Amino acid sequence: MKIYFNKNKENIIKILKKEIKGIEIIDKIEYLEVKKFKKGYISNFIPKINAVEGVIKIETELNEIVPIICSNNFYFKKPFNSLEKFIIAGPCVINDFEEFEKTILKLLNLNIKIIRSPLFKPRSSPYAWEGFGIEGITKLLFLKKRYKFISVMEILDVRILDKVNEVCDIIQIGARNMRNYVLLKEAAKTHKITLLKRHPYSTLKEFLLSAEYLAKYGSKKIILCERGDSFSDGTPSINLNIIMEIKKNFKIPIIADVSHSAKKSKKVIDFALKSYKIADGIMIEVMENPKRSPIDTSQVIGIEEFKELLAKLK
Ligand code: PEP
Ligand code: MN
């Protein structure tokens, strides 16, 4: 950690020593270099040090802020090998179980085993349909036992975690909930694989801080997911730089959600091709009959288009 100052150096050093036990301070003339503090917990002191007269700026290294994310390996080999490129596909929401079954069959035929199986949808309007909810659990469980796919499901509410234990293999924390720290902690405690989406406009550091919550509270298997920023006019967007940064510096699988980022089915293929090259995989909304999707209708692609995409990815 570097503390830049323009006056009161002695007083800053005195306060640092008093506040943070056992630290080492090296005077580098333009700044003070601070070492030997408990990583992560330094966040408890930063606001106070920032307020000391003379301090102009504090710079921290990522490993001082998110130590577990920086040092651990979150790739996994079961129930699928996250070290090999993978694809998560399926509907935006399960809107009809018969149709969902047809989609599952087609996807399994194409060797896609990780299937979006959303029963709970966060909606901007309180009047909008929120998915089948817990009422859909029995039917989903039946299909899951029959076809043995790996299910990915967004969970919005900690009270649901117990109820979905059998039907949900991968807990998705949606973009809106990236900063729902209560949900992050409880999801982590289940020890299931957790797929964390980046909230639009969040920085790499904010994204990693949320991942650090998962890691600190028990997640060993994490998937990060970039899904782009969100513009009111629906402009497509994906932050490929964040994907590259994460691939380069961390041992956490990072995928691209090419549907919520492309926002239009016409653009999905293009987004998929460019993201698949650099990421560990992609998530994509695919269903038997995209026009019937009650949510994100214009971005879901059909099986034929998906087949064409798979051919191009080979
Ligand atoms: C989703 O993947 O179903 C979803 C709602 O996406 P996001 O949280 O990225 O908006
Ligand atoms: Mn969607």
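Which loop does Lys36 lie in? I started there, and found Lys36 between strand E3 (31-35) and helix H2 (46-50). A note to self before going on: this is a predicted model.

**Backbone oddities**

I looked up phi for Lys36 and got a positive value of about 60°, although Lys36 is not a glycine. Next I checked how crowded the spot is. Lys36 has 10 other C-beta atoms within 10 Å, so it is exposed, given that 12 or fewer counts as exposed.

His191 gave me a second case: its phi is positive too, about 65°, and again the residue is not a glycine. I placed His191 in the loop between H7 and E9. Is His191 buried or exposed? His191 counts as exposed because it has 12 C-beta neighbours inside 10 Å, and the exposed class runs to 12 or fewer.

I also went through the peptide bonds and noted a cis one joining Lys78 and Pro79, with omega at about 5°. Pro79 sits in the loop between helix H4 (67-71) and strand E5 (86-90).

**Whole chain**

I stepped back for the overall picture. The chain has twelve helices and twelve strands, and its C-alpha trace spans about 70 × 40 × 40 Å along the principal axes. Of the 314 residues, 39% are buried. I then pulled the contacts between residues at least 6 apart in sequence: 65% of these join residues at least 24 apart.

The chain is divided into domain 1 (2-60) and domain 2 (70-313). I got 40 Å between the C-alpha centres of the two domains. By those bounds, Lys36 belongs to domain 1 and His191 to domain 2.

**Strand E8 and its neighbours**

Which residues cover the two faces of strand E8 (residues 170-173)? I found Ile170 and Gln172 on one side, Ile171 and Ile173 on the other, and all of them are buried. That fits the textbook picture, in which side chains of a regular strand alternate between the two faces of the sheet.

I followed the pairing next. Strand E7 (residues 150-154) runs parallel to E8 over three bridges, and Glu154 stands opposite Gln172. With strand E9 (residues 193-197), E8 also pairs in the parallel sense, this time over four bridges. Leu196 in E9 is the bridge partner of Ile173.

How do E8 and E9 connect, right-handed or left-handed? I traced E8 through helix H7 (residues 181-189) to E9 and noted a right-handed β-α-β unit. The loop with His191 falls on this path, between H7 and E9.

**Ligand 1**

I listed what surrounds ligand 1: Cys92, Pro118, Glu154, Gly174, Ala175, Arg176, Lys197, Arg227, Asp257 and His260. Sorted by class, that shell has three nonpolar, two polar and five charged residues. Glu154 turns up here as well as opposite Gln172 in E8. Lys197 is in the shell, and E9 takes in residues 193-197.

**Leu110**

Last entry. Leu110 is in the loop between helix H5 (97-109) and strand E6 (114-116). It counts as partly exposed because it has 15 C-beta neighbours inside 10 Å, and 20 or more would be needed for buried. What does Leu110 contact, leaving aside its neighbours within four places in sequence? I got Lys307 and Leu310. I also looked at Phe306: Leu110 and Phe306 are 196 residues apart in sequence, yet their C-alpha atoms are 9.5 Å apart in space.

Definitions and conventions:
Residues numbered from 1 in each chain as written. Chains lettered and ligands numbered in written order. Predicted model: local features only at pLDDT ≥ 70, side-chain atom pairs only at ≥ 80, totals over all residues. Contact = placed C-beta atoms within 7 Å. Near = placed C-beta within 6 Å. Nonpolar A, V, L, I, M, F, W, Y, C, P; charged D, E, K, R; others polar. Pairing = 2+ DSSP bridges. Right-handed = clockwise from strand over helix to strand, strands pointing away. Domains from an automatic or database assignment.
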